[in-house]
Amino acid sequence: MTETEVLREWDRRYFWHPFTQMQCYGDDDPWIIDRAEGNYVYDTQGHRCLDAIASLWCNVHGHRHPRLDAALIGQLGKVAHSTALGAGNAPAIRLAKALVEITPASLQHCFFSEDGAEAVEVAIKMAAQYWCNLGRPEKRLFLTLDNAYHGDTVGAVSVGGFPLFHEVYGHLLFPTLRLPSPYVLQREDCDGDPEQATAVWLAALETTLQEQSREIAAVILEGGVQGAAGILPFPPGILAGAQRLCRAYEVLLIIDEVATGFGRSGKLFSCEWEAVEPDLLALGKGLSGGYLPVAATLAAEHVYAAFLAPFGETRQFYYGHTYTANPLACAVALENLALFAEGGVLAALPEKIAQLRTGLQRFHGQSWAGEVRQFGLMAAIALRDPRTNAPYPYGDRVEYAVCRRAREMGVYSRPLGDLLTIVPPLSVTAAEIDTILNVLYDAMAEGRS
């Protein structure tokens, strides 16, 4: 057996993959990535694919960026890990300061974790304990959205709204209040009118706050788009309006920018589009440029202050993990921020976003394509059975077949339900955007029945 064949056999036998039906996994030849460079990944047989999903929406500047590699190697010569419980390390300290300086002005303190779901979990627990520390333990409800996705830990799932992924865990979750998805409201109840949808949604939010703000700890929203739900953009004004109402009714606002932060929306943070300054901000994915697991929860001064007290009053935040503020991850994240600070990455995004928008037009009206949606440098195209104009049955795995065909043609994508997603590294070139669109178009057209 070749080395690739051995790895495939071991992969099927030993490696339990996330979000993967392992019984079906053996039906395909497992795809094993061996190396990567720039915007491309290579499998163990040397086949090259353009990374159209940024290695699950986290790669920013491409793979093996020389400056990020150097930052990691340099930190390895000092210390790979030391605990953050009661002790600091230089990269984490510098990164905390840098994040406070570049995030919205309300945010003055940084708490590290390892991934986006944890960053949300931290925000949830901070919000809950904040009100307890202020002597208002009755404020324990969280207000979230239908179709929300905030990660897969129990707390993050509780404020999510994604039945396909999470319904089976319902008995583990704490109760929440829910409002409609702003995008779905706009499409189904407001005849596609974004201004009307924003007004209707904010009126519903205010009614809920009027009735239950004494019990609501926080409103949690994704950063302008419901990503895992299928790239469902909010109509303008949702985030700013939510901030205004949360402040009026003494409710914290948590913004989850795990997917939208670090340039994905066209600005460094999606909050910037509406000058929103949340009480808590969750970051992950692109924080390290897609290199290492590190996430952060940024907190406003008044949130942080509620945890300050004499030691014996036990108001400190009792939360932390072994690898929190890992020096390797923080060192790479610092260099990632340095690349952003030079200005070229963000300056190049408007043209790339416009090119993606133009290129998506060819999918409209195709018998095998449903809705086409875009938010910044994120897009989704629904695959439809042209005979019924409906999604293919979930169990048929047609979307997976289309992605496999695209991979054979040199583009690495992954389905999201009945959708094909395009979320490339920010370093993607104009020619590569065209390649992604052309390959997905051809693969989807071939996949029709």
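# A walk through the pockets, a lysine and a helix

Start with the lining of the second largest pocket: select helix 5 (90-102), strand 4 (107-113), strand 12 and helix 12 (301-305), each of which supplies at least two residues to it. Keep in mind as you go that this is a predicted model. Strand 4 is the biggest giver here, with five residues in the lining. To get to the middle of the pocket, pick A84, C110, F111, Y304 and F317, which lie nearest its centre among the 32 lining residues. The space inside comes to about 830 Å³. Colour the lining by class and you should find 21 nonpolar, 10 polar and one charged residues.

**Next stop: N133**

Now select N133, in helix 6 (residues 116-133). Is N133 buried or exposed? With a relative accessible area of 12%, under the 20% cut-off, N133 is buried. Show its side chain and follow it to the backbone oxygen of A306, which it reaches at 3.1 Å. Setting aside neighbours within four places in sequence, N133 is in contact with A306, F307 and R315.

**The annotated binding-site residues**

Select G116, A117, D256, H321 and T322 together; an unreviewed UniProt entry gives these the feature "binding site". Why do they not all gather at one spot? They span 207 residues in sequence, and the farthest two C-alpha atoms are 23.2 Å apart, so the selection is spread out rather than gathered at one spot.

Zoom in on D256, which sits in strand 10 (residues 252-256). D256 counts as buried, at 7% relative accessibility. Its side chain makes a polar contact of 2.7 Å with the side chain of H150. H150 is also among the residues that D256 touches beyond four places in sequence, the others being V120, Y149, L221, E222, G223 and A282.

Then hop over to H321, in the loop between helix 12 and helix 13 (327-341). H321 is partly exposed, with a relative accessible area of 31%. Which side chain does H321 join through a polar contact of 3.0 Å? That partner is E118. With residues up to four places away left out, H321 touches L85, E114 and E118.

**A lysine with a note attached**

Go on to K285, which an unreviewed UniProt entry lists under "modified residue: N6-(pyridoxal phosphate)lysine". You'll find K285 in the loop between strand 11 (280-283) and strand 12 (295-300). K285 is partly exposed, at 27% relative accessible area. Its side chain reaches the backbone oxygen of L56 at 3.0 Å. L56 is also one of the residues K285 touches, along with W57, C58, V258, A259 and G290, not counting residues up to four places away in sequence.

K285 also helps line the largest cavity, so add the rest of that lining to your selection: W57, C58, N59, V60, V258, A259, G261, F262, R264, G286 and L426. The cavity has a volume of about 60 Å³. Its lining divides into seven nonpolar, three polar and two charged residues.

**Last stop: helix 16**

Finish with helix 16 (residues 398-408) and highlight its buried residues V398, E399, V402, C403, A406 and R407. What do they pack against? Show strand 3 (48-51), strand 14 (379-383), strand 15 (411-412), strand 16 (415-416), strand 17 (419-422) and helix 17 (430-447). An α-helix has 3.6 residues a turn, so residues three or four places apart point the same way. Just past the helix, click on G410: its phi is positive, near 105°.

Methods. Residues numbered from 1 in each chain as written. Predicted model: local features only at pLDDT ≥ 70, side-chain atom pairs only at ≥ 80, totals over all residues. Heavy atoms only, no water. 1 Å grid on protein atoms, 1.4 Å probe; cavity = no way out; pocket = protein on both sides within 12 Å on 5 of 7 lines; lining within 4 Å. Points joined across faces, edges and corners; volume = space filled by probe spheres on them. Nonpolar A, V, L, I, M, F, W, Y, C, P; charged D, E, K, R; others polar. UniProt positions renumbered as here; feature names shortened; annotations may be inferred. Helix = DSSP H or I, 4+ residues; strand = E, 2+ residues; numbered from the N terminus. Buried < 20%, exposed > 50% of the residue type's maximum accessible area, 1.4 Å probe, protein only. Contact = heavy atoms within 4.5 Å. Polar contact = N/O pair within 3.5 Å; in protein donor to acceptor, adjacent residues only side chain to side chain.
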